[in-house]
Amino acid sequence: MQILLTEATLWAGVECVPRAGWLLLDGDRVVAVGDGDPPPADSVIAKPGAHVLPGLIDSHLHLTTSAWQSRGGDGRLWTDVHAADAAVRAAAHADPDAPWLLFWNARPFAWPERRLPTAAELDAAAPGRRVLISGLDLHRGAASPAALAALGAPMVYREDDLVRDRRGRPTGELWERAFGAVLAHALEDTEAYVSAHAVEELIRQELRRCLALGITHAHEAYVPPGQHARMARLAAAEAPRLSWAIGAAEGLLSPVPGPRFAPGGPYGASSREVKLFLDGGDRCALCVPATAFGRLGLRAVGQAVAARHPGPLRDAMSRRSRVHNGELHLSDLRYDDRTLADTLAAYLAKGIRPRLHALGNRAVRQATTALATIGAPRGAAVIDHLTLLDPATTDQVASSGAWASYQPGFLASFGLQITASGTDRYLSLLAGRQLLDAGAPLVLSSDHPAGPLDPLPNLRAAVARTLPDGTVVQAEQALTPSQAVRAMTTTAAASLGAPGAGGLAAGEVADLAICDGDPFAPASRVVSTWIGGREVWRCE
């Protein structure tokens with residue numbers, strides 16, 4: 001059956017350049033795109049004023065984690081440690097039988113204390129209960145004494161992952177690998193409590209949310225190997241297209257064990273992929289001029305004075321730093337260079353694409369150096385985030401041939417935090433234009449729940465580059481609307497080896513996101529989502 005869409009603006013072809021025209025579909029494919037007299041069809045659907053985009057592809061999100069957030073407290077609006085303690089106390093009273101009290105999206109970087117509650121404070125609020133508070137970036141958290149006991153004795157963590165007091169006792173502050181391990185325990189125990197069927201339904205609800213936002217392909221950036229079969233069952237459903245990367249069984253932020261532990265493929269609607277974390281979130285691996293040391297220190301002092309609390313200064317002093325070759329290195333890398341190169345080579349030899357979390361420019365340098373060392377072919381790997389970059393490192397990304405996946409929606413989530421620290425004085429923040437001009441293949445994604453799931457605000461952020469307070473940051477890094485749409489559609493599809501790399505063009509898959517107006521107008525929204533030539537969601 002042929003379907004003709006008319007009277008719309010089409011973001012057509014690989015370049016996604018908008019133009020008025022018509023779109024002819026037959027089965028699951030686009031048959032023709034034109035702007036003259038439309039051809040006959042079995043069904044004609046007029047879309048006056050609408051904009052038809054290729055299906056929006058979120059190539060980096062954590063829907064298996066965000067699915068859990070409806071079963072916990074939301075800390076996004078907490079303003080300090082006292083607010084967090086009060087929420088924990090109320091939840092403990094309201095749900096006395098839950099194996100864990102889970103809280104999400106805490107933003108301690110915006111609190112005067114610059115920290116989450118301690119284990120002792122959590123135990124006072126919920127005596128004897130397992131409590132885990134997760135930061136917005138899912139790289140840090142706070143655990144009660146009962147929750148810390150879930151870690152067990154055998155695992156050895158870096159001293160700054162499992163923070164201890166002067167007597168060697170855990171304070172409850174968790175970072176990176178230790179946080180990921182406790183989170184994995186919490187979700188496993190909670191699943192046993194609510195049932196595996198209930199958890200799968202939560203994930204299906206997240207997938208339905210994706211459809212309602214025009215997302216035709218969702219790529220989960222990490223699942224443990226034990227969840228591979230579940231993802232395969234979910235991917236068997238008709239919509240949306242689903243794919244995923246495998247990581248360590250121990251937890252989200254742990255080193256991967258090697259390709260022999262990776263399940264066989266395919267991994268849904270994409271080729272096999274593994275996720276590696278080269279640096280942290282808030283504690284990402286940066287390098288700035290050594291002369292920045294004093295200015296960044298003064299920034300922290302000024303924040304402490306403004307907050308009337310030593311938290312900002314204490315937070316700054318807790319970060320690992322050293323001066324090397326005229327550069328100030330902030331925080332550490334999670335892999336040494338040799339181990340990273342060997343690990344990448346092993347996965348690539350088995351046909352598994354590495355997806356490398358590298359938020360800071362020092363981690364991005366390590367990623368590109370490792371790919372060059374092993375002679376990785378162009379397009380063989382994805383470098384995620386690239387949140388803070390310098391021009392030389394940007395050129396290395398382009399030379400490496402890796403896909404560059406960035407999240408302009410972070411401007412809403414973390415932009416004020418980053419600009420308050422002063423690092424944007426020395427590095428480019430979410431440098432989409434810089435990456436494109438260097439020749440890097442640019443992909444736009446959300447990293448939800450750290451960034452907003454809705455693709456339209458993410459697209460607009462790439463173009464407008466406004467912070468929550470209305471400030472425009474580094475306007476020279478803005479993309480054009482076509483560049484932004486391309487990064488979240490055709491280039492995103494190519495980075496996954498998935499359908500849709502040709503965009504709205506003859507012979508391509510008929511995945512569509514239809515908006516009721518210009519997608520870059522603040523009031524516009526997705527009103528219809530099509531996958532394989534079939535409307536799978538419509539705004540009622």
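Is Phe103 buried or exposed? Select Phe103 and find out: the ring is buried, with a relative accessible area of 3%. Keep in mind as you click around that this is a predicted model.

**Stop one: Trp78 and Phe103.** A search of the whole structure turns up 6 aromatic pairs. For one of them, add Trp78 to your selection: Trp78 and Phe103 make a tilted pair, 5.7 Å centre to centre with 50° between the planes. Now colour by secondary structure. Trp78 sits in the loop between strand E7 (73-74) and helix H2 (81-94), while Phe103 belongs to strand E8 (residues 101-106), so the pair links distant parts of the chain, 25 residues apart. Trp78 is buried too, because its relative accessible area is 11% and the cut-off for buried is under 20%.

**Stop two: Phe109 and Phe414.** Select these next for another tilted pair, at 5.9 Å centre to centre and 55° between the planes. Phe109 is in the loop between E8 and helix H3 (119-125), and Phe414 is in helix H13 (residues 410-421), so this pair ties together parts that are 305 residues apart in sequence. Switch on a surface and check both rings: Phe109 and Phe414 are buried.

**Stop three: add Trp111.** Go back to Trp78 and Phe103 and show Trp111 as well. Ring pairs join Trp78, Phe103 and Trp111 into a cluster.

**Last stop: Arg283 and Trp175.** What lies over the face of Trp175? Show the side chains and you'll find Arg283 there, 3.8 Å from the ring centre.

Definitions and conventions: Residues are numbered from 1 along each chain as its sequence is written. This is a predicted model: local features need pLDDT of at least 70, side-chain atom pairs count only at pLDDT 80 or more; totals for chains, interfaces and linings use all residues. Side-chain values use heavy atoms; hydrogens and water are left out. Rings of Phe, Tyr and Trp (its six-membered ring) pair if their centres lie within 6.5 Å; planes under 30 degrees apart count as stacked, over 60 as edge-to-face and the rest as tilted. Helices (H or I, at least four residues) and strands (E, at least two) are DSSP runs, numbered from the N terminus. Buried means under 20% relative accessible area, exposed over 50%, partly exposed in between (1.4 Å probe, protein chains only). A charge sits over a ring if NZ of Lys or CZ of Arg is within 6 Å of the ring centre and within 35 degrees of the ring normal.
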